[in-house]
Amino acid sequence: MPEARAADPGTAAPDGPAREVTVVCPTPEATRALGEALGARLAGGDVVVLDGPLGAGKTTLTQGLARGLGVTSPVTSPTFVLARHQRPDPAGPRPDGPVLLHVDAYRVGDGLEWDDLDLDSDLDASVVVVEWGAGLAERLAPGLVRVTLRRPEGGDPASEPSEPSEPSEPVEPSEPSEPSEPSEPSEPVAPRTVHVRLEGRTRPLDLAALARAAAQEPPP
Ligand SMILES: Nc1ncnc2c1ncn2[C@@H]1O[C@H](COP(=O)(O)OP(=O)(O)O)[C@@H](O)[C@H]1O
Ligand SMILES: [Mg+2]
């Protein structure tokens, strides 16, 4: 089992629970587990801003977040779709739960306006997850969960595991890949530092549980 370390316990307000936590996710599955724990704790109206460079793991985290919402349809990068609604599986754990609205704001400002994303649907019934959303998604709600993904600094690529730890997909020549989505180069497995911060959000969120999930530890 991969291990994740809580790099720090988060900064607690003097009279309240922690508002932020930093977790190291050594593998994509650890990043998904963190996302799943987050998604399981979200409700309609919640907004998650995902920040971090290309390949940082924003879509990977969203795959876990979808799991936590009971969404079973596959989550892929919405880069060419911009915004994608995905309903929870009626047979899943949250059949009446919020819809996942997965947005990619990368091109906003570059020939595309925020309003073009057409997010006017029922935000109260959705969990809105915005990749590249910093500076934009704040207008959606007074409070949000900001998740910043980074490769830890000082990481020596030579010390990273040399074998690809994602099981390689079997090649199926009979199924051509979708023409509209370029195949995304898969990054070698390497730790990601994931910083989760509650900003202006009044509803509490058990951040320690996110760190435990990323470490794949049982609850205390
Ligand atoms: N610890 C890790 N956490 C998340 N993704 C990782 C990790 N290590 C390697 N990866 C790989 O990095 C890539 C992240 O891609 P993606 O989630 O699409 O990034 P983004 O959406 O930020 O551009 C994937 O190929 C994933 O398998
Ligand atoms: Mg992405």
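Me: How far apart are the axes of H1 and H2, and at what angle do these helices pack?
Reply: In this predicted model, the axes of H1 and H2 lie 6 Å apart, and the two helices pack at an angle of about 40°. H1 and H2 are therefore oblique to each other.

Me: What is the handedness of that crossing?
Reply: H1 and H2 cross in a right-handed manner.

Me: Which residues meet there, H1 against H2?
Reply: From H1 the contact includes Pro28, Thr31, Arg32, Ala33 and Leu34, and it continues with Gly35, Glu36, Ala37, Leu38, Gly39 and Ala40. On the side of H2, the residues met are Thr60, Leu61, Thr62, Gln63, Gly64, Leu65, Ala66, Arg67, Gly68 and Leu69.

Me: And how does that contact divide by class?
Reply: The contact of H1 with H2 has ten nonpolar, eight polar and three charged residues.

Me: Let me turn to H3. At what angle does its axis cross that of H1?
Reply: The axes of H1 and H3 cross at roughly 150° and come within 7 Å. That angle makes H1 roughly antiparallel to H3. The crossing of H1 past H3 is right-handed.

Me: Which residues make the H1 and H3 contact?
Reply: Ala30, Ala33, Leu34, Glu36, Ala37 and Leu38 are the contributors from H1, and they meet Ala209, Leu210, Ala213 and Ala214 in H3. By class, this contact has nine nonpolar residues, no polar ones and one charged.

Me: Is H3 mostly covered or mostly open, and how many of its residues are buried?
Reply: H3, which spans residues 207-214, is mostly covered, with six of its eight residues buried. The buried ones are Leu207, Leu210, Ala211, Arg212, Ala213 and Ala214.

Me: What follows H3?
Reply: Gln216 lies in the segment after H3. Its phi is near 55°, which is a positive value in a residue other than glycine.

Me: Is Gln216 buried or exposed?
Reply: Gln216 falls between those two classes: it is partly exposed, because 15 other C-beta atoms lie within 10 Å, and a residue needs 20 or more to be buried.

Me: Where does Trp132 lie, and what is its phi?
Reply: Trp132 has a positive phi of about 55°, although it is not a glycine. Trp132 is found in the loop between strand E6 (126-131) and strand E7 (144-150). With 22 C-beta neighbours inside 10 Å, Trp132 counts as buried.

Me: A change of topic: the ligand. How many residues surround ligand 1, and which are the closest?
Reply: Ligand 1 is surrounded by 23 residues, and the closest are Gly57, Lys58, Thr59, Thr60 and Glu187.

Me: Which helices supply that shell?
Reply: H1 (28-40) and H2 (58-69) each supply at least two of its residues. The largest share of the shell, three residues, comes from H2.

Me: What is the make-up of the shell by class?
Reply: The shell around ligand 1 divides into eight nonpolar, nine polar and six charged residues.

Me: What does Val75 touch, leaving out its sequence neighbours?
Reply: Not counting residues up to four places away in sequence, Val75 touches Thr59, Thr62, Gln63, Ala66 and His102. Val75 is located in the loop between H2 and strand E4 (83-86). It counts as buried, with 23 C-beta neighbours inside 10 Å.

Me: How far is Val75 from Leu100?
Reply: Val75 and Leu100 are 25 residues apart in sequence, and their C-alpha atoms are 9.9 Å apart in space.

Me: You mentioned His102. Where is it, and is it buried or exposed?
Reply: His102 sits in strand E5, residues 99-104. With 29 C-beta neighbours inside 10 Å, His102 counts as buried. From His102 to Val48 is 9.6 Å, C-alpha to C-alpha, with their positions 54 residues apart in sequence.

Me: Finally, the whole chain: how many helices and strands does it have, and in which order do they run?
Reply: The chain comes to three helices and eight strands. From the N terminus on, the order is β-β-α-β-α-β-β-β-β-β-α.

Me: What part of the chain is buried, and how many contacts join residues at least 24 apart?
Reply: Buried residues make up 37% of the 220 residues. Among contacts between residues at least 6 apart in sequence, 74% join residues at least 24 apart.

Definitions and conventions:
Residues numbered from 1 in each chain as written. Chains lettered and ligands numbered in written order. Predicted model: local features only at pLDDT ≥ 70, side-chain atom pairs only at ≥ 80, totals over all residues. Buried ≥ 20, exposed ≤ 12 C-beta atoms within 10 Å, placed from the backbone. Helix = DSSP H or I, 4+ residues; strand = E, 2+ residues; numbered from the N terminus. Near = placed C-beta within 6 Å. Nonpolar A, V, L, I, M, F, W, Y, C, P; charged D, E, K, R; others polar. Axes fitted to C-alpha atoms, helices over the stretch in contact; angles between N-to-C directions. Parallel < 35°, antiparallel > 145°, perpendicular 65-115°, else oblique. Left-handed = near helix turned anticlockwise from the far one by under 90°. Contact = placed C-beta atoms within 7 Å.
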